[in-house]
Amino acid sequence: SLESVVSQTYKEWECIIVDDGSTDNSIEIVESFLESHPGNWLLLKQHNSGQAHARSVGVSKASGSYIAFLDADDIWPKDKLAIQVNSLKQSDASCVLNSYIVFGSGGPKYLVRHSSIQKLMMGWVTFRGFGGGLESVGLIKADTLRKYGFDERLSTSSGLELCVRLWRDDKLVIDPRVGMFYRRTQGQWHRNLTVLSKDIETIIS
């Protein structure tokens, strides 16, 4: 994931890494990578507070005009940031979402591409669609993100819930080009049905 940041053709980036109380050797791996790959890095460590809060902490430290998120198991194509920055500069929207490729966990590799924002969001709000929210695949204007913010009561669904609010206010645009390689694994957070059900109850209420 960090190698895909270093490889970006858009070089005016800063990367803020938030360790949300990991209990494995993530910190050691990250610190070793940063030592051997000079760049505009910032590593933050905190007690486990949940995904949404960790992202909010990262946002509070960001200095750029645009913000993108990258989960620890996903990969960006090298032109991801360049494509999305250009998309927002040529649009009145505040957030752009791209297509993405799902791979890993022994399953088939396939492309997820949405033809319209309405179909994407309706698939989400009716729980019939396949993801496609802000995390890893999106780019959003920093001012817009700070205005709307993440609902920190939510965990795995906080980015999608934010996208629903942006869609409601006509601030979303779709770029059909691939913006992420989504790694599918058996233990990933999005497969936790207990957490997902809790998020759904919170959103409905």
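The following paragraphs describe an internal cavity and the aromatic ring pairs of a predicted model. Local features need pLDDT of at least 70 and side-chain atom pairs count only at pLDDT 80 or more, while totals for chains, interfaces and linings use all residues. Residues are numbered from 1 along each chain as its sequence is written, and side-chain values use heavy atoms, without hydrogens and water.

A search of the whole structure finds 1 cavity of 30 Å³ or more, a cavity being a set of points on a 1 Å grid over the protein atoms alone where a 1.4 Å probe fits but cannot get out. The volume of the largest cavity, taken as the space filled by probe spheres set on the points, is about 50 Å³. Its lining (residues with an atom within 4 Å of a point) has 10 residues, and Leu 97, Asn 98, Ser 99, His 114 and Ile 174 are the closest to the centre. Strand β4 (residues 95-103) gives the largest share of this lining, 4 residues; strands are DSSP runs of E with at least two residues, and helices are runs of H or I with at least four. The lining divides into 5 nonpolar, 4 polar and 1 charged residues.

Rings of Phe, Tyr and Trp (its six-membered ring) pair if their centres lie within 6.5 Å, and the count comes to 4 aromatic pairs. Phe 69 and Phe 150 have ring centres 5.5 Å apart and planes at 75°, so the pair is edge-to-face (over 60 degrees). Phe 69 lies in the loop between β3 (66-68) and α4 (80-89) and Phe 150 in the loop between α6 (142-148) and α7 (158-168), so the pair ties together parts 81 residues apart in sequence. Both Phe 69 and Phe 150 are buried (under 20% relative accessible area, 1.4 Å probe, protein chains only). Elsewhere, ring pairs link Trp 13, Phe 33 and Trp 41 into a cluster.

Notes. 1 Å grid on protein atoms, 1.4 Å probe; cavity = no way out; pocket = protein on both sides within 12 Å on 5 of 7 lines; lining within 4 Å. Nonpolar A, V, L, I, M, F, W, Y, C, P; charged D, E, K, R; others polar. Phe/Tyr/Trp six-rings, centres within 6.5 Å; stacked < 30°, edge-to-face > 60°. Buried < 20%, exposed > 50% of the residue type's maximum accessible area, 1.4 Å probe, protein only.
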